[in-house]
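Reader: I am new to this structure. Please take me through one part of it closely, the salt bridges, and then show me how that part fits with the rest.

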Amino acid sequence: MGKLIMKVTSYILLRYVLFFVVLHSTNKDVKFVKLSDLKNGEDWFYFVWLFFIPVIIEAIVFGLPMSFGLNKMAEPNNKLIFYLLFVVLFLLEFFLANWLYGTSSAFLKVCVSLVLFLVLFWKRLF
């Protein structure tokens with residue numbers, strides 16, 4: 001179970017990195033933050049608040065149920081319940097991303113998340 005939690009946490013971190021890379025490549029108004037841009041404590045606070053706090057919250061809110069669901073996928077009689085769990089988790093992710101980033105970025109984030117989720121957890125799901 002510990003190995004699965006680490007894999008789900010890695011999935012969440014990788015999902016955020018890929019989302020921002022895809023967002024940067026598709027949107028001309030987005031720019032990367034350089035360390036030289038962070039000049040004082042207030043800049044660092046906002047950087048942590050915008051980039052690290054959402055990852056920690058998603059790791060707790062989405063990561064724990066996802067780890068539980070992936071762990072229980074081995075039982076053949078519970079598959080429908082756990083597929084519904086994943087659908088609900090991705091819908092919650094969309095609504096949270098829509099609130100934080102806007103609708104078009106929310107669709108982009110969920111698409112990146114679904115593709116990465118299927119790539120990393122294909123064997124466990126099917």
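Author: Start with one pair of side chains. R15 and E58 meet in a salt bridge, with N and O 2.2 Å apart. The model is a predicted one, and this distance is computed from it.

Where do the two partners sit? R15 belongs to helix α1 and E58 to helix α3, so their salt bridge ties together parts 43 residues apart in sequence. Helix α1 covers residues 2–26. Helix α3 covers residues 53–72. Are R15 and E58 buried or exposed? R15 is buried, and E58 is buried too.

E58 has a further partner. A salt bridge joins E58 to K109, and their closest N and O atoms lie 3.2 Å apart. This pair also links distant parts of the chain: E58 is in helix α3, while K109 is in helix α5, 51 residues away. Helix α5 takes in residues 103–125. Both E58 and K109 are buried.

Now follow K109. It forms a salt bridge with E93, where the closest N and O atoms are 3.0 Å apart. E93 lies in helix α4, residues 79–101, and K109 in helix α5. The two are 16 residues apart, and the pair again links distant parts of the chain.

How buried is each of these two? The cut-off for buried is under 20% relative accessible area. E93 has 2% relative accessibility, so E93 counts as buried. K109 has 0%, and therefore K109 counts as buried as well. Put the pairs together: salt bridges with shared partners join R15, E58, E93 and K109 into one network. How many salt bridges does the whole structure hold? A search finds four.

Next, step back to the whole chain. The protein chain has five helices and zero strands. From the N terminus, its elements run α-α-α-α-α. Its C-alpha atoms fill a box of roughly 55 × 30 × 20 Å along the principal axes. There are 126 residues, and 29% of them count as buried.

Distant parts of the sequence meet in other ways too. Take contacts between residues with a separation of 6 or more: 66% of them join residues 24 or more positions apart. T9 and F62 give a C-alpha distance to look at. They are 53 residues apart along the chain, and their C-alpha atoms are separated by 9.6 Å. T9 is in helix α1. Its relative accessible area is 29%, so T9 is partly exposed.

Charge is worth a look as well. The protein chain carries 12 positive and 7 negative side chains. The centres of these two sets lie 13 Å apart.

Last, turn to the surface. The protein chain exposes about 8400 Å², and carbon and sulfur atoms supply 74% of that area. Which residues form a nonpolar patch there? They are I5, V48, F52, I56, I57, I60, V61 and L64. Together they have about 690 Å² of accessible area. Helix α3 gives the largest share of the patch, five residues. So helix α3 holds E58 of the buried pair with R15, and helix α3 also supplies patch residues. F52 sits in the loop between α2, residues 41–51, and α3. F52 has 45% relative accessibility, so F52 counts as partly exposed.

How values were computed. Residues numbered from 1 in each chain as written. Predicted model: local features only at pLDDT ≥ 70, side-chain atom pairs only at ≥ 80, totals over all residues. Heavy atoms only, no water. Helix = DSSP H or I, 4+ residues; strand = E, 2+ residues; numbered from the N terminus. Buried < 20%, exposed > 50% of the residue type's maximum accessible area, 1.4 Å probe, protein only. Contact = heavy atoms within 4.5 Å. Areas by Shrake-Rupley, 256 points an atom, 1.4 Å probe, with all protein chains shown as cover. Lys, Arg positive; Asp, Glu negative; His and termini not counted. Charge placed at Lys NZ, Arg CZ, Asp CG, Glu CD. Patch = residues over 30% accessible without salt bridge, like charges linked within 9 Å, V, L, I, M, F, W, Y side chains within 5 Å. Salt bridge = Lys/Arg side-chain N within 4 Å of Asp/Glu carboxyl O.
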